[in-house]
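Me: I should like to learn how to read the features of a model such as this one. Please take them in turn, giving the general idea before the case at hand.

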Amino acid sequence: MGFFSKIAEALKKTKENFSKKLYALFSGRALDDDFYDELEAILIGADVGVTAAEQIIEEFRDSCYREKIKTPEQGRDLLKRIMTESIDYEIQPYSYPLVILVAGVNGVGKTTAIGKLAKYFTKKGKSVVLAAADTFRAAAAEQLEVWAQRAGVRIIKHEEGSDPAAVVYDAIASAKAKNTDVVLIDTAGRLQNKKNLMNELAKINKVVGREYPDCDYRTYIVIDATTGQNALSQVEAFDEIIDMDGIILNKLDGTAKGGVVFAISAERELPVVFVGVGEGIDDLEEFDAGAFIDALFE
Ligand SMILES: Nc1nc2c(ncn2[C@@H]2O[C@H](COP(=O)(O)OP(=O)(O)O)[C@@H](O)[C@H]2O)c(=O)[nH]1
Ligand SMILES: [Mg+2]
């Protein structure tokens, strides 16, 4: 399945909240105040968020006037274009050696995403090593090891409770020694202990900068789409700890809250880089704004 069909499948529930109502809205209605109120309600109902909904509608109103939009079809196309533009970021292609740090609260799917990313890069012919820097629970490294086996990649892990930054140090040393293209860093996500988490991530960040200054370094925060607007405060909290480069939006399958993509763009100006659409190793897709919108409006 390509991005479009996987996304269309994953967005099924979001669409129920969205595309049918939009379709009805655009069917033979005047673009009056009631129309805009209803449009705002539909956007907010799909978890687009108030800020993003207001921005989209303002832009839509202005453009309708400017472009002399008359028919519902023209209006629908215009809305599609505006919504696409609001989430369409240019993402710098990866260069190698590459290090990706994956952060986020417990249970959002960090470890799963690392497993999927390992497969993603090996499919591109890249060599990969995983750094099991969630040393908080022994089970975390074991879980990552299962993913390493599935993807057929190496893993560096230490004892439970050991220093996560030391794991990252070793993984980088190993990548240098073996000319490995990609280092993927799994981390713990205990937000209830914010100070520890902050120190830990900051320390890992420093080790990467010091030991691998020439690598392409990306920091991704993973969020769970089913949490909707709550994910925003997680993005904010992690973005304050280390400057995040992008978002992995997990569990898009089975949620009606796919509109959170727009909220993140409007509030944080962070691109969604990948989406998780299931629990399997191939259930990760590069985010494509145009295909996402097509699937949403379909
Ligand atoms: N439906 C669905 N489940 C997912 C997805 N990504 C992860 N999960 C599930 O979410 C749960 C937590 O994942 P895990 O990777 O352990 O989260 P972590 O605590 O952030 O490392 C597991 O049961 C995963 O199978 C996804 O894209 N879709
Ligand atoms: Mg984990």
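Reply: Let us start with strand pairing: two strands pair if DSSP finds at least two bridges between them. Strands (E, at least two residues) and helices (H or I, at least four residues) are DSSP runs, numbered from the N terminus. Here β1 (98-103) pairs with β4 (182-187) in the parallel sense over five bridges. Within that pairing, L101 is opposite I185 of β4. This is a predicted model, in which local features need pLDDT of at least 70, side-chain atom pairs count only at pLDDT 80 or more, and totals for chains, interfaces and linings use all residues. Residues are numbered from 1 along each chain as its sequence is written, while chains are lettered from A and ligands numbered from 1 in the order in which they are written.

Me: Which strand pairs with β1 over six bridges?

Reply: That strand is β5 (residues 216-224), and the sense is parallel. L98 has D216 of β5 opposite. β5 is also joined to β6 (residues 246-250) by five bridges, and these two strands run parallel. There, V222 has I248 of β6 as its bridge partner.

Me: How should the two faces of β1 be read, and how many of its residues are buried?

Reply: In a regular strand the side chains alternate between the two faces of the sheet. A residue is buried if 20 or more other C-beta atoms lie within 10 Å of its own, exposed if 12 or fewer, and partly exposed in between, with C-beta atoms placed from the backbone. In β1, L98, I100 and V102 point one way, V99, L101 and A103 point the other way, and all are buried. Because six of the six residues are buried, β1 is largely enclosed by the rest of the structure.

Me: How is a helix to be judged, and which residues of α4 are buried?

Reply: One may begin with the length: the expected span is 1.5 Å times one less than the number of residues. For the 17 residues of α4 (residues 50-66) this gives 24 Å, and the end C-alpha atoms are 24 Å apart, which agrees. The buried residues of α4 are A52, A53, I56 and F60. They cover an arc of only 95 degrees around the axis, which puts them on the same side of α4; the arc is that of the directions from the helix axis to the C-beta atoms. On the other side of α4, the exposed residues are E58, D62, Y65 and R66. The cover over the buried residues of α4 includes α3 (33-45), α5 (72-87) and α11 (260-268).

Me: What do the buried residues of α7 pack against?

Reply: α7 (residues 138-151) has 14 residues and an expected span of 20 Å, and its end C-alpha atoms are 20 Å apart, which agrees. Its buried residues are A140, A141, L144, W147, A148 and A151. They cover an arc of only 115 degrees around the axis, which puts them on the same side of α7. They pack against α6, β2 (128-133), β3 (154-156) and β4, where contact requires C-beta atoms, placed from the backbone, within 7 Å. On the other side of α7, A138, A139, E142, V146 and Q149 are exposed. G152, which follows α7, has a positive phi near 70 degrees.

Me: Where does the backbone call for closer inspection?

Reply: Most residues other than glycine have a negative phi, and most peptide bonds are trans. K68, in the loop between α4 and α5, has a positive phi near 50 degrees. K68 is exposed, with 8 other C-beta atoms within 10 Å. N179 has a positive phi of about 55 degrees and is not a glycine; N179 lies in the loop between α8 (164-177) and β4. N179 counts as exposed, with 9 C-beta neighbours inside 10 Å. The peptide bond from Y96 to P97 is cis, with omega near 5 degrees, and P97 belongs to the loop between α5 and β1.

Me: Which residues come nearest to ligand 1?

Reply: A residue is near a molecule if its C-beta atom, placed from the backbone, lies within 6 Å of it. Of the 18 residues around ligand 1, the nearest are G109, K110, T111, T112 and G276. Helix α6 (residues 110-123) supplies the largest share of this shell, three residues. The shell around ligand 1 comprises two nonpolar, 11 polar and five charged residues. In this count, Ala, Val, Leu, Ile, Met, Phe, Trp, Tyr, Cys and Pro are nonpolar, Asp, Glu, Lys and Arg are charged, and the others, Gly among them, are polar.

Methods
Two residues are in contact if their C-beta atoms, placed from the backbone, lie within 7 Å.
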